[in-house]
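User: I am new to reading protein models and would like to go through one slowly. Could you show me how to read its features, giving the general idea before the case at hand?

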Amino acid sequence: MPTNKKSPAINLKRLFLENGIDTGFLYIAMGLIVIGCIMLISTSAVIGFSSFNDSYYFIKKHGLFLLIGTIFLLAGLVIPNELYKKYAIQGLFFSTILVLCPFLPIIGIKAGGANRWVDIGLFN
């Protein structure tokens, strides 16, 4: 006897259909991610082993960033489009300011004749 209990897991197909996600574009992006992972595995094993004593160092790091990106993707799907539309202009101005930050002498770093991004510990 079937029951109609709702699963606590996110139904991705319903989430994509409700938000009008282009699944073809999503499949292409996923395919490029897989190809990139294959290329990363095949090209970085020697450097990873010689530098970090782990052949899979770079693929583990890449996998971590893919996981973080997927979490942000799913969070972005849950947020209604109206909220994005409401804050689009503020986001544009904020991102423009962030783009110009490397050219400020206090924040930007000059290396190799180019203005680099902010030096914040792990991210530089």
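**Rings, helices and surface**

Analyst: Let us begin with the rings: Phe-52, Tyr-57 and Phe-58 are linked into a cluster by ring pairs. Please keep in mind throughout that this is a predicted model.

User: How many aromatic pairs does the structure hold, and how is the pair of Phe-52 and Tyr-57 arranged?

Analyst: The structure holds 3 aromatic pairs. One of them joins Phe-52 and Tyr-57, whose ring centres lie 3.8 Å apart with 20° between the planes; because planes under 30 degrees apart count as stacked, this pair is a stacked one. Tyr-57 also pairs with Phe-58, at 5.1 Å centre to centre and 80° between the planes, and since over 60 degrees counts as edge-to-face, that pair is described as edge-to-face.

User: Are these rings buried, partly exposed or exposed?

Analyst: The general idea is that a residue is called buried under 20% relative accessible area and exposed over 50%, with partly exposed in between. Phe-52 has a relative accessible area of 42%, so it is partly exposed. Tyr-57, at 27%, is partly exposed as well, and Phe-58, at 25%, also counts as partly exposed.

User: Which helices and strands does the chain have, and in what pattern?

Analyst: The chain has 5 helices and 2 strands, and reading along the sequence gives the pattern α-α-α-α-α-β-β.

User: How should I read the packing of helix 2 and helix 3?

Analyst: In general, two packed helices are described by the angle between their axes and by the distance between those axes. Here, helix 2 (residues 23-52) and helix 3 (residues 57-78) have axes that come within 6 Å and cross at roughly 135°, and the two helices are therefore oblique to each other.

User: Which residues meet there, and how do they divide into nonpolar, polar and charged?

Analyst: From helix 2, the residues are Ile-33, Cys-37, Leu-40, Ile-41, Ser-44, Ile-47, Gly-48 and Phe-52, and they meet Tyr-57, Phe-58, Ile-59, His-62 and Leu-66 of helix 3. The residues of this contact divide into 10 nonpolar, 3 polar and no charged.

User: What can I say about the chain as a whole, in its buried share, its exposed area and its contacts?

Analyst: Of the 124 residues in the chain, 10% are buried. The chain exposes about 10,700 Å², and carbon and sulfur atoms supply 71% of that area. Finally, if you take the contacts between residues at least 6 apart in sequence, 21% of them join residues at least 24 apart.

Key
Residues numbered from 1 in each chain as written. Predicted model: local features only at pLDDT ≥ 70, side-chain atom pairs only at ≥ 80, totals over all residues. Heavy atoms only, no water. Phe/Tyr/Trp six-rings, centres within 6.5 Å; stacked < 30°, edge-to-face > 60°. Buried < 20%, exposed > 50% of the residue type's maximum accessible area, 1.4 Å probe, protein only. Helix = DSSP H or I, 4+ residues; strand = E, 2+ residues; numbered from the N terminus. Contact = heavy atoms within 4.5 Å. Areas by Shrake-Rupley, 256 points an atom, 1.4 Å probe, with all protein chains shown as cover. Axes fitted to C-alpha atoms, helices over the stretch in contact; angles between N-to-C directions. Parallel < 35°, antiparallel > 145°, perpendicular 65-115°, else oblique. Nonpolar A, V, L, I, M, F, W, Y, C, P; charged D, E, K, R; others polar.
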